[in-house]
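This briefing introduces a structure to a reader who has not met it before. Please look over the sequence and the model shown below before reading on.

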Amino acid sequence: MAEEWCLLNKDTLVIKPLKKSHLALRMFVLAAVMICGVYIFSVCLKQIGSQSMPRFVKFELTEEPCSSVGVPPSEASYLHYPKPTTYSREECACTPVRKFAILSMQRSGSGWFETLLNSHVNISSNGEIFSIKERRNNMSSIIRTLDKVYNLDWYSSASKNECTAAVGFKWMLNQGLMANHDEIVKYFNERGVYAILLFRRNLLRRLVSQLANDHDRRTKQLNGKHRAHVHSEYEANVLAKYKPTLNATELMSSLKTANECVTNALDYFNSTRHIVLYYEDLILNHTKLVDVLKFLGVPQRLMVSRHVKIHKKPLSKQVENWEDVYNAIKGTEYQSFLNADYKL
Ligand SMILES: *[C@@H]1O[C@H](CO)[C@@H](O)[C@H](O)[C@H]1NC(C)=O
Ligand SMILES: *[C@@H]1O[C@H](CO)[C@@H](O)[C@H](O)[C@H]1NC(C)=O
Ligand SMILES: *[C@@H]1O[C@H](CO)[C@@H](O)[C@H](O)[C@H]1NC(C)=O
Ligand SMILES: *[C@@H]1O[C@H](CO)[C@@H](O)[C@H](O)[C@H]1NC(C)=O
Ligand SMILES: *[C@@H]1O[C@H](CO)[C@@H](O)[C@H](O)[C@H]1NC(C)=O
């Protein structure tokens, strides 16, 4: 190889070498070639360097000023600076974003809770996105969906502007959440996602609400449209008129199953950064909402919802076969569900 190099250059550099200085000339040519080679090599290096420089500079420009100075590393992993693919966050590019997920069960107040959150200017909660089966078919679909939401690329009526400071959605336990809990917990911990576990203490009331909701899905009592939530007392009263009949034989096992579901969810998600909320506490104690905003690290604001509660009467007046239900539960671990009522 070295010989070829020399031969090539000998032809161009040395035209008529004298016999006596033949060796000296050869050495001179070799040295010249080496110097030349080193020079070319260094020029090449400089070019490579200057080509990659803009990438470095850009990286620093977009990443560096956003890293919150003075924030402890444990906190920093929960502050995100997403770069949506579809638009620019512009002046809020360095407004940190928290990722959250409301983990809940049907008829546990999560719809109401989510409208409260969405009334806050800095919070965007995108609804029950995993109610669509294709999105939860397997872990790769789930991760793709999560990535899109948390990169602020998800479009829904709840999508806010580029200054969103907390982004999330609500996820029912039976929507692939429990089935894939190991990998989801891993995702939450690796990507810094906050879990808001929202449950209902009174699982008997939850069951009544569920049966009444199923009934309305079939009968569409309000102008021929099914309504899972209502916005007026009139509509609430229409829906509350229906008194479901509970299967007293199955009742205990239904309550046990629901209770186990809650216990398991609390257990699985215990290693994530989480807050546990109960619907009853939220209704009775508005300080709980202050806790939620603190947890999400967004400014304190008054939050409002247009939802009107449907079932407000004592349970005995909302169940068709109250006596059977009462007898099935009396004296069991779930006895307290029978007389726990709201004072609104
Ligand atoms: C909340 O949103 C408002 C309006 O978009 C914005 O001006 C403000 O900076 C946001 N606050 C936080 C803490 O993100
Ligand atoms: C996962 O689900 C998606 C959407 O249903 C599907 O397109 C994809 O082929 C599935 N991937 C695997 C590995 O099963
Ligand atoms: C109540 O549940 C039991 C056990 O699942 C079932 O055998 C029975 O048919 C149910 N009764 C009614 C009226 O649906
Ligand atoms: C969650 O973990 C904490 C401490 O690690 C423990 O005290 C608590 O009992 C756990 N809760 C559940 C529901 O597993
Ligand atoms: C209301 O909630 C706050 C915050 O969680 C708690 O400190 C307080 O004791 C609660 N008040 C009542 C009356 O339960």
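What percentage of the 344 residues of the protein chain count as buried? The figure is 23% of those residues. The model is a predicted one, and the points below treat the chain as a whole, the surroundings of ligand 1 and two residues with a positive phi.

**Overall chain**
- The protein chain contains 14 helices and six strands.
- Taking contacts between residues at least 6 apart in sequence, 76% join residues at least 24 apart.

**Surroundings of ligand 1**
- Ligand 1 is surrounded by Thr95, Val121, Asn122, Asn161, Cys163, Ala165 and Pro299.
- Sorted by class, this shell comprises four nonpolar and three polar residues, with no charged residues.

**Leu152**
- Leu152 lies in the loop that runs between helix H5 (139-150) and strand E3 (166-168).
- Although Leu152 is not a glycine, its phi is positive, at about 65°.
- Leu152 counts as buried because it has 23 C-beta neighbours inside 10 Å, and the cut-off for a buried residue is 20 or more.

**Lys220**
- Lys220 is placed in the loop between helix H8 (203-219) and helix H9 (233-240).
- The phi of Lys220 is also positive, near 50°, in a residue other than glycine.
- Lys220 is exposed because 12 other C-beta atoms lie within 10 Å, and a residue with 12 or fewer counts as exposed.

Methods. Residues are numbered from 1 along each chain as its sequence is written. Chains are lettered from A and ligands numbered from 1 in the order in which they are written. This is a predicted model: local features need pLDDT of at least 70, side-chain atom pairs count only at pLDDT 80 or more; totals for chains, interfaces and linings use all residues. A residue is near a molecule or strand if its C-beta atom, placed from the backbone, lies within 6 Å of it. Ala, Val, Leu, Ile, Met, Phe, Trp, Tyr, Cys and Pro count as nonpolar, Asp, Glu, Lys and Arg as charged, and the others, Gly among them, as polar. Helices (H or I, at least four residues) and strands (E, at least two) are DSSP runs, numbered from the N terminus. Two residues are in contact if their C-beta atoms, placed from the backbone, lie within 7 Å.
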